[in-house]
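Let's take a relaxed walk through this model. Have the sequence and the 3D view open as you read.

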Protein chains: 2
Amino acid sequence: MKHAFGFLLALVAGAMLASTERVPDQTDRGGAPIYGVKIPPGYRDWKLISVAHEAGANNDLRAVLGNDPAMQAYRKGTLPFPDGTIIARLAWVYTASEANNKLFGRPQSFVAGPAINVQFMVKDSKQYAATGGWGYAQFKDGKPDTAAKLDTCYPCHAPAKARDYVFTYYAP
Amino acid sequence: MKHAFGFLLALVAGAMLASTERVPDQTDRGGAPIYGVKIPPGYRDWKLISVAHEAGANNDLRAVLGNDPAMQAYRKGTLPFPDGTIIARLAWVYTASEANNKLFGRPQSFVAGPAINVQFMVKDSKQYAATGGWGYAQFKDGKPDTAAKLDTCYPCHAPAKARDYVFTYYAP
């Protein structure tokens with residue numbers, strides 16, 4: 001019965017959520033709830049899409065990186081993004097740099113402090129058809145965030161539907 | 001005579017500033033004054049070291065990227081950086097994102113606008129021995145900035161001598 005259920009789930013969720021047997025393993029190794037997204041190996045080495053600063057409650061500096069399909073799509077203006085695209089959003093605490101400010105002679109320099117968390121958008125138009133073709137995940141210190149937080153990803157990204165739910169523009 | 005002078009200059013300046021015959025070519029292809037640094041091919045694909053925001057007169061969002069020797073040195077904590085290290089600093093106009101602010105319900109989101117300029121630090125402990133082992137360049141729209149502006153690079157970086165004249169820390 002367990003294996004039969006696993007087989008059904010595999011049909012529904014596709015390769016990344018292959019079977020119930022793999023779910024505990026995904027969690028152990030950093031798989032996130034709802035979408036089953038794991039931390040993509042080597043993402044910290046991906047190419048830069050753009051940078052941003054979110055003030056307010058976020059209070060972060062962030063970089064948005066893309067795997068090769070992401071970069072190709074961005075640079076060619078391809079929409080929607082192809083399956084296999086992964087976009088990573090890294091955020092660090094927005095931190096005044098005392099050393100830099102001394103040089104500039106005034107408090108103007110803000111740098112990346114400790115890491116806050118990392119988010120991923122994974123494009124799989126079939127597996128994630130119900131959420132615009134994207135699966136979402138957030139990790140803090142390598143551990144996935146709760147399902148409750150991931151519930152907010154898709155509704156928040158929905159206004160960017162015309163750009164395949166992606167907010168970030170490529171920085172020239 | 002021209003070739004003799006070129007030979008002498010090659011001895012002094014090393015491989016990157018090989019001969020007087022190459023100087024006009026460097027300028028045409030984006031070589032910067034003083035240090036002769038050219039735009040390194042493919043730098044936009046380099047890996048991310050960190051991000052920052054300079055307020056005040058700069059008013060930018062910036063990313064600092066590194067070539068492979070730079071990344072290896074950063075990740076291993078190697079100081080001084082080895083010859084061949086190149087660190088790129090890309091800056092874009094600090095731009096409020098109206099679209100993002102609508103979603104957040106308040107003016108908190110700042111993204112990368114048009115490109116301002118790109119700077120490079122090139123490590124060559126022999127060629128640039130007089131300036132801490134680093135050659136500096138700044139390019140705007142692919143064209144090198146004036147010698148006068150490059151004069152300020154080394155004095156400004158001098159306070160970071162203990163970190164081999166590099167301000168930027170690696171963002172985890």
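Where in chain A does A:P80 lie? A:P80 sits in the loop between α3 (68–76) and β3 (86–96) of chain A. Helices here are DSSP runs of H or I with at least four residues, and strands are E runs of at least two, numbered from the N terminus.

## Ground rules

This is a predicted model, where local features need pLDDT of at least 70 and side-chain atom pairs count only at pLDDT 80 or more, while totals for chains, interfaces and linings use all residues. Residues are numbered from 1 along each chain as its sequence is written, with chains lettered from A and ligands numbered from 1 in the order in which they are written.

## Backbone oddities

Back to that loop: the peptide bond from A:L79 to A:P80 is cis, with omega near -5°. Chain B has a cis bond as well, joining B:L79 and B:P80 with omega about -5°, and B:P80 is in the loop between α3 (68–76) and β3 (86–96) of chain B.

Then there are positive phi values outside glycine. A:N59 has phi of about 50° and belongs to the loop between β1 (47–54) and β2 (60–66) of chain A. A:N59 is partly exposed, with 15 other C-beta atoms within 10 Å; on this scale 20 or more means buried, 12 or fewer means exposed, and partly exposed is in between, with C-beta atoms placed from the backbone. B:D164, with phi near 55°, lies in the segment after α6 (153–157) of chain B. B:D164 is partly exposed too, with 18 other C-beta atoms within 10 Å.

## How the copies relate

Lay chain B on chain A and you get an RMSD of 0.0 Å, using a turn of 180° and a shift of 0.0 Å along the axis. The two copies are thus related as by a two-fold rotation axis. In chain B, the C-alpha nearest that axis belongs to B:K47, 3.0 Å away from it. The fit is by least squares on C-alpha atoms of residues with pLDDT of at least 70 in both copies.

## Where they meet

Across the interface, 29 residues of chain B are in contact with 30 residues of chain A, contact meaning C-beta atoms, placed from the backbone, within 7 Å. On the chain B side, β1(B) gives the largest share, 7 residues. Of the interface residues of chain B, 100% are also interface residues in chain A, so the copies meet through the same surface.

Strands pair across the chains too: β1(A) and β4(B) run antiparallel over 3 bridges, where pairing takes at least two DSSP bridges. A:A52 stands opposite B:V111 in β4(B).

Conventions. Contact = placed C-beta atoms within 7 Å.
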